[in-house]
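Trainee: I'd like to learn how to read strand pairing and a ligand shell. Can we go through an example together?

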Amino acid sequence: MSAEKSNPLLPVKNRLESFWLSERDPVLQNARTTAELPRNADVVIVGSGLTGAMIAYHLYSEAEKMGRRINVVMLEADEVCSGATARNGGHCKPIPFIGFRAEAAKHGQKVANHLLTFEAAALKQYADLVQKEDIDCDMHVTRAFDVCFKPEDGAAAKKDYEARKAAFPRDVAGQDIRSVDDPKELELLTGIKGGHFGASYPAGHLWPYKLATSLIHIAINKGLNLQTHTPVLSMKKSEVYSGQWEVVTPRGSITTSQVIVASNAYTSGFLPEFKELIFPVRGTACSITPAPSHSHGAHPGPIKYSYGFRHGAGDVDYMIPRQGRGRIPGLGDRSIILGGAKSRFLGDLSQWYNNKQDDQYMPGAKEYFEGFMKKYFVGWNGNEHGNVDRVWSGILGYSSDLLPYVGEVPDKPGVFVCAGFTGHGMPRIPGCTAAISSLVASRIKDGFITSTAQKAFEDSLPQPYWLTQERYTSRVNLIQNMMKGDKTKGALQNSDEAVMAGKAVRAKL
Ligand SMILES: Cc1cc2nc3c(=O)[nH]c(=O)nc-3n(C[C@H](O)[C@H](O)[C@H](O)COP(=O)(O)OP(=O)(O)OC[C@H]3O[C@@H](n4cnc5c(N)ncnc54)[C@H](O)[C@@H]3O)c2cc1C
C-alpha cells in the first residue's frame with residue numbers, strides 16, 4: 001500500500017507553483033545527506049519548513065554553547081520546504097492591538113500584552129539572524145498599514161488600540177504604533193481608496209523559502225542530516241531501547257530520544273492525538289507585477305507600505321510590495337504578493353476546512369485578485385488581468401483554539417511539538433523555535449528538562465501557547481463553535497476564517 005493511501009494526511013503531489021518556488025534551491029530540493037536513512041539520532045526533526053529550519057539552526061547553536069556534538073536528522077515528506085512556508089504571503093506582520101480586548105477577557109491583560117510583545121520581537125529576531133548569517137532572502141523592514149473599510153470595524157479597532165495604550169503605554173510607544181482617523185489623510189498616506197480608520201506599525205517582509213533553506217544549509221554544515229521524500233508514517237516507543245522513540249518511514253525507522261514535530265498542518269498524520277487539535281485549512285495568494293502607475297518615476301509611484309485590508313469582521317487581505325531581489329534593494333523583480341480572497345470561498349467549507357488540496361486553485365480567487373489593485377489603489381493602470389502573474393494555494397495548520405502548540409507532548413516524554421500557527425506563523429516562529437530548542441537542548445545535556453530550562457521556556461513563551469495537559473485534552477474547537485453561532489469570547493479575533501465561517505454558516509440557517 002502506498003504511503004499516501006495508508007496515511008491520507010500527507011502533502012499531495014503536483015502542487016501549484018508559488019512565486020517563492022520560482023527560485024528553488026537545486027542542492028537541497030531533493031537532498032539526502034546520506035544515501036541510507038540513519039538508524040539513530042540525538043534528535044529527529046519532522047518537517048523542513050521555516051519551523052523545522054529554525055529549530056535545526058537553534059539546536060546547533062545550543063550544541064555549540066554546550067560544547068557538544070549532536071546528531072540531528074531532519075525528515076521531510078516531499079521536496080525541501082515545500083509546504084506553507086513556500087506558499088505564504090512573506091509578511092511578518094506582528095499584531096499590535098487588534099483583538100487585545102478579546103484576548104484580555106480570556107487570559108487577562110498581562111498575558112494578552114505578552115502575546116503582542118512576543119510577536120513584535122520577531123522583527124528584530126529576523127533582522128539579527130539575517131545580518132549575522134548574511135542570508136540572501138530579500139528581508140525588508142517597513143511599516144504595515146491596517147486599513148479598516150467599515151466604520152464599525154474602525155471603531156472596534158480604535159477601542160482595542162485605546163485599551164492597550166491605557167494599560168501598557170510604554171509598550172505601545174515602544175512599538176511605534178500610529179493611528180489615522182481621517183479618511184482623506186488615510187488615502188493620501190496609503191494610496192488606498194475607501195478606508196475609514198488605519199494604523200501603521202513596524203513590520204517586515206522576506207522570501208521565506210530562501211530564509212528556511214539558508215538556515216538548513218548552515219545546519220548541514222554543522223552536521224544536520226537532511227532526508228527529503230521521507231514521510232514519517234508513525235511513531236512508537238522503542239521496544240529495544242528504554243525511553244527512546246522509533247520514528248517510522250517507508251525507508252526504515254530511526255531510533256531517537258527526542259523528536260521535534262514541525263509538520264504544522266499535517267501533524268495528526270502521524271500523531272493521531274492531534275486530530276482534534278490541528279487541522280489543514282486551505283488558503284490562497286498571488287503575485288502581481290507593479291503597473292506603470294505604481295513603478296518608480298511615475299505618479300503615484302511604488303507602493304509604500306505592507307498592508308492588511310480589513311473589509312469586515314474576519315475578511316482580511318494582506319499584501320507586501322517586494323523591493324527587488326538580492327542584497328541591494330531596488331534591483332530586480334519587485335512583484336507584489338497579495339493573499340486572502342476569503343470572501344470568495346469561505347461560504348463553502350469543503351473548499352478550505354480540512355482541505356489539503358494545494359494542487360488545486362481556490363474557486364473565484366483568481367478573478368478576485370485580478371480586480372483587486374484597480375479597486376483599491378488610487379490611479380492603478382494595470383492590464384485587464386490586474387497584472388496578476390501566478391496564483392497558488394497552500395495549506396495552513398489551524399489549531400482548535402487558534403493558537404500554536406509549543407512544548408513537550410504531555411504523555412510522550414521526549415516528543416516535542418511546535419505547530420498549529422493558524423495562518424500567522426511569521427511573527428511567531430522565531431520565538432517559538434528558540435524556546436523549544438532550548439528545552440530540547442536541556443534534555444540532551446542533562447537527560448531531563450531542568451527547572452531552570454523549564455522556567456526560561458515559560459518566561460519567554462506566552463502562556464496560551466504552552467502545550468499543557470488541559471489544551472492537549474481539550475475538545476473545544478473554536479471554529480466549530482463559531483459555525484454553530486456561539487459567540488465564544490477569546491482568540492477569535494485572530495482567526496479570519498473562523499469569523500467568516502461563522503457568518504457564512506449562520507447566514508444559511
Ligand atoms: C497562502 C498562505 C499565505 C500565508 N501568508 C502568511 C503571511 O503572510 N504571514 C504569516 O505570518 N503567515 C502566513 N501564512 C502561514 C505561514 O506560512 C505558516 O505559519 C508557516 O509557514 C508555517 O511554517 P511551518 O514550518 O510550521 O510549516 P510548513 O512550512 O507547512 O512546513 C511543514 C513541513 O512538514 C512537512 N511534513 C508534513 N508531514 C510530514 C510527515 N509526515 N513527515 C515528514 N515531513 C512532513 C511538509 O511537507 C512541510 O514541508 C500563510 C500560509 C499560506 C498557506
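Trainee: Which residue in S10 does Val-248 stand opposite?

Mentor: Keep in mind that this is a predicted model. To read a pairing, look for who faces whom across the strands: Val-248 stands opposite Ser-253 in S10. Strands S9 and S10 (residues 252-261) pair in the antiparallel sense over five bridges, and they form a hairpin with two residues between them.

Trainee: What does S9 have on its other edge, and in which sense does strand S8 run with S9?

Mentor: Strand S8 (residues 234-237) is joined to S9 by four bridges, and the two run antiparallel. In that pairing, Met-235 stands opposite Val-247.

Trainee: Which residues of S9 are on the covered face, and which on the uncovered one?

Mentor: Read the strand by its alternating residues. In S9 (residues 245-249), Trp-245, Val-247 and Thr-249 make up the covered face, while Glu-246 and Val-248 sit on the uncovered one.

Trainee: Now the ligand. How many residues surround the ligand, and which are the closest?

Mentor: There are 47 around the ligand, with Gly-49, Gly-83, Gly-89, Gly-394 and Gly-425 the closest. Helix H2 (50-66) and strands S11 (278-288) and S15 (388-399) each give two or more residues to that shell. By type, the shell divides into 22 nonpolar, 22 polar and three charged residues. Domain 1 and domain 2 each supply at least three of the shell's residues.

Trainee: Where is the pLDDT below 50?

Mentor: Start with the average: the chain's pLDDT is 92, and 92% of the residues score at least 70. Over residues 483-495, though, the pLDDT is below 50, and residues 504-509 also stay under 50.

Definitions and conventions. Residues numbered from 1 in each chain as written. Predicted model: local features only at pLDDT ≥ 70, side-chain atom pairs only at ≥ 80, totals over all residues. Near = placed C-beta within 6 Å. Nonpolar A, V, L, I, M, F, W, Y, C, P; charged D, E, K, R; others polar. Domains from an automatic or database assignment. pLDDT = per-residue confidence, 0-100. Contact = placed C-beta atoms within 7 Å. Buried ≥ 20, exposed ≤ 12 C-beta atoms within 10 Å, placed from the backbone. Pairing = 2+ DSSP bridges.
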